[in-house]
Amino acid sequence: MASETMTKKLTKHFYFQDLDQDGFVEQSDWEQCARNLAEIRGWPPDSPEYEAILAKHIQIWTTFWQPADENEDGKVSLDEYLRLADNQRAEEFFSLDVIAGLFGAIFDTIDLDGDGQITDQDYRRFFKAWGGEEALAEEAFARLDLNGDGRLSRSIFIQFGSNFFLSDEPNVPGNGLFGPYE
Ligand SMILES: [Ca+2]
Ligand SMILES: [Ca+2]
Ligand SMILES: [Ca+2]
């Protein structure tokens, strides 16, 4: 069984990614987020930047979320997602390799200038693209930016991702990646 803390975190993560709030995480949520990001950045739908960001989002859906779709109806329910943490599939899905891959990929969707650092502005755009509140993004970023220099590197971001998925400690910094979870 997943711990109470883990269940709360995963539930938070699930609803963060359910962009259209229909109770399922689907490929269309990821596509919509890519469209939102492109719009925020002023990238036209036929631009190479738009194509690249769309491909990255679809790749995260395909490699991380789609395998959770146990009944293969094309969408991941909260129950399906929570079951990943509940059985031996957790070893496969929440392995260090998978998490490093996932958070590296998420990082690349946030670090839109590709210099290997994300700023609080990037983080606000990330939340906004997922339909989240920019104030929550500010708060989340401030908690993650431990040395207060206004930037997060790729490696620390991946480390926070490991906190999020592998630690049952209620107070590790990575728990706030997607905003407060309680
Ligand atoms: Ca959805
Ligand atoms: Ca399903
Ligand atoms: Ca950057």
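# Close-up views of a calcium site and salt bridges

**View 1. Spacing and coordination of the calcium ion (ligand 3) in the predicted model.** Along the sequence, the residues that donate to the calcium ion (ligand 3) follow the spacing D-x1-D-x1-D-x1-Q. In this predicted model, the donors to the calcium ion (ligand 3) are D111 (OD), D113 (OD), D115 (OD) and Q117 (O), and they coordinate the ion at 2.2 to 2.3 Å. Of these donors, D115 has a relative accessibility of 46% and therefore counts as partly exposed, while Q117, with a relative accessible area of 22%, is also partly exposed, since the buried class is reserved for values under 20%.

**View 2. The salt bridge between E70 and R83.** A search of the whole structure finds seven salt bridges, and one of them pairs E70 with R83, whose closest N and O atoms are 2.6 Å apart. Because E70 lies in the loop between helix 3 (48-65) and strand 2 (75-77), whereas R83 belongs to helix 4 (residues 78-84), the pair ties together parts that are 13 residues apart in sequence. E70 is partly exposed, with a relative accessible area of 38%, and R83 is likewise partly exposed, at 34%.

**View 3. The salt bridge between D108 and R154.** Here the side chains of D108 and R154 meet in a salt bridge, with an N to O distance of 3.0 Å. D108 is located in helix 6 (residues 96-110) and R154 in helix 9 (residues 154-166), so this pair ties together parts that are 46 residues apart in sequence. Both partners can be described by their accessibility: D108 is partly exposed, with a relative accessible area of 26%, and R154, at 34% relative accessibility, counts as partly exposed.

**View 4. The salt bridge between R124 and E138, and the network around this pair.** R124 forms a salt bridge with E138, and the closest N and O atoms of the two residues are 3.3 Å apart. Since R124 lies in helix 7 (residues 120-129) and E138 in helix 8 (residues 134-144), the contact ties together parts that are 14 residues apart in sequence. E138 is partly exposed, having a relative accessible area of 39%. The pair does not stand by itself, for D120, R124, E134 and E138 are linked in a network of salt bridges.

Key:
Residues numbered from 1 in each chain as written. Chains lettered and ligands numbered in written order. Predicted model: local features only at pLDDT ≥ 70, side-chain atom pairs only at ≥ 80, totals over all residues. Heavy atoms only, no water. Donors = N, O, S within 2.8 Å, 3.2 Å for Na, K, Ca; no water. Buried < 20%, exposed > 50% of the residue type's maximum accessible area, 1.4 Å probe, protein only. Salt bridge = Lys/Arg side-chain N within 4 Å of Asp/Glu carboxyl O. Helix = DSSP H or I, 4+ residues; strand = E, 2+ residues; numbered from the N terminus.
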